Amino acid sequence: MQVLGIETSCDETGVALYHGERGLVAHAVFSQVALHAAYGGVVPELASRDHVRKLAPMVADLLDRAGIGAGDIQGVAYTAGPGLAGALLVGAAFGRSLAWGWGVPAVGVHHMEGHLLAPMLEPERPDFPFVALLVSGGHTQLVQVEGVGRYRLLGESVDDAAGEAFDKTAKLLGLGYPGGPALARLAEQGDPRRFRFPRPMTDRPGLDFSFSGLKTYALTTWQQERQGLTGAEQMRLRADIARAFEDAVVDTLLIKCRRALQQTGARALVLAGGVSANRRLRQAVAEMLKASGGRAYYPRPAFCTDNGAMIAYAGWQRLRTGQCEPAAFDIHPRWDMTTLPALGDT
Ligand code: KG4
Ligand code: ZN
């Protein structure tokens, strides 16, 4: 079975083909970064309109490059939520219409399930059960995973998601949008000993997170310390704050992951979502798991951030067991992943 995957939940248009036997056949992502940069963040209406412009030509080009026709596709998977309502509607309407025109089934995929299953696209895939740390722009969640659709939420952010905290802190340091990767690059030059930021909510039991205080901590440090500094000294200060912030986020995530592994007895940890592209986080998690005799799994950096491949894969998992949607479709801008139907042991 070959499935076309479509991702339009936010500011990336992603398309991909996943084949049950051959694996990932082709994929493409168009990032709207340049479109939103002038506004310092994603403008939902502009995002929707750009998905409308890009989606059809990207799918046509994908099929061309893969050398296949519509008759070679047995199902369509589109992101149905969570995400921006207008952006989701574009992918859902387009995907559902293609499926209807081609006479194949379609399924609405949960964006975070897509992220969670993305490591399955790599040569070394985790076996169930495992614990997943999902760290994206909108979510920070620790999930106990027994199989596809068998998810138990262990903990999540009570305020900003990790990616959101990266983006907001980057913005207040004047790094623009998208801030996360820029802040991580700046942190490379920072001195890790100059500041020590708090590790929020690690002094009490539990697996929830809170990152909004770190952003305020970074802002206060920046405002207090920059007084009277030369331009060059301010540059160094920004890098040192970026480093202290990144270290605090990575360390906090690490502490909670360790707890989740202890609590569940799992030996494998999956890292997914945009922030899992962060080099220092990947390295820290890999070292922790190595030391404990377990194993860390994460997607290649291009599949950490939003992409069509993870949606094609998650959709294939569901379509191959017969799950599909009626011709009338629905989107879910807010969607609890633990309410998804569990798949049998296939
Ligand atoms: O999963 P994703 O592409 O979109 C959502 O589903 O939200 O995640 C995007 C988030 C953004 O907040 C971005 O700043 C962050 O992932 N991000 C990073 C890095 N690359 C992307 N954060 C820290 N370090 C990175 N290298
Ligand atoms: Zn995402």
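Q: What makes a pair of atoms a polar contact?
A: A polar contact is a pair of N or O atoms within 3.5 Å. Keep that cut-off in mind as we look around this predicted model.

Q: How do you know that glycine 163 makes a polar contact with ligand 1?
A: A backbone N or O atom of glycine 163 lies 3.1 Å from an oxygen atom of the ligand. The cut-off is 3.5 Å, so this pair counts as a polar contact.

Q: What makes histidine 115 a polar partner of ligand 1?
A: Here a polar side-chain atom of histidine 115 is 2.9 Å from an oxygen atom of ligand 1. That value is within 3.5 Å, so the pair is a polar contact. Histidine 115 is also listed, with Gly137, Asp167, Gly274 and Asn278, as coming nearest among the 19 residues around ligand 1.

Q: Why does valine 275 count too, with an oxygen atom of ligand 1 at 3.5 Å?
A: A polar backbone atom of valine 275 is 3.5 Å from that oxygen atom. The limit is within 3.5 Å, so this pair is accepted as a polar contact. As for the ligand's surroundings, the protein covers 86% of the 550 Å² of accessible area that ligand 1 has on its own.

Q: Which residues make the contact between helix α8 and helix α9?
A: From α8 (residues 231-264), they are Arg243, Glu246, Asp247, Val250, Leu253, Leu254, Cys257, Arg258 and Leu261. From α9 (residues 279-291), they are Arg280, Leu281, Ala284, Val285, Met288 and Leu289. Contact here means heavy atoms within 4.5 Å, so these residues meet that test. They divide into 10 nonpolar, no polar and five charged.

Q: How are α8 and α9 placed against each other?
A: The two helices pack at an angle of about 35 degrees, with their axes 10 Å apart. Their crossing is right-handed.

Q: Where is the cis peptide bond that leads into proline 82?
A: The bond runs from glycine 81 to proline 82, with omega near -15 degrees. Proline 82 sits in the loop between β4 (75-81) and α3 (85-102). Another cis peptide bond joins tyrosine 177 and proline 178, with omega about -5 degrees, and proline 178 is in the loop between α5 (162-172) and α6 (179-187).

Q: What is notable about the phi of methionine 201?
A: Its phi is positive, about 60 degrees, although methionine 201 is not a glycine. Methionine 201 lies in the loop between α6 and α7 (212-225).

Note on methods. Residues numbered from 1 in each chain as written. Chains lettered and ligands numbered in written order. Predicted model: local features only at pLDDT ≥ 70, side-chain atom pairs only at ≥ 80, totals over all residues. Heavy atoms only, no water. Axes fitted to C-alpha atoms, helices over the stretch in contact; angles between N-to-C directions. Helix = DSSP H or I, 4+ residues; strand = E, 2+ residues; numbered from the N terminus. Left-handed = near helix turned anticlockwise from the far one by under 90°. Nonpolar A, V, L, I, M, F, W, Y, C, P; charged D, E, K, R; others polar. Near = heavy atom within 4 Å. Polar contact = N/O pair within 3.5 Å; in protein donor to acceptor, adjacent residues only side chain to side chain. Areas by Shrake-Rupley, 256 points an atom, 1.4 Å probe, with all protein chains shown as cover.
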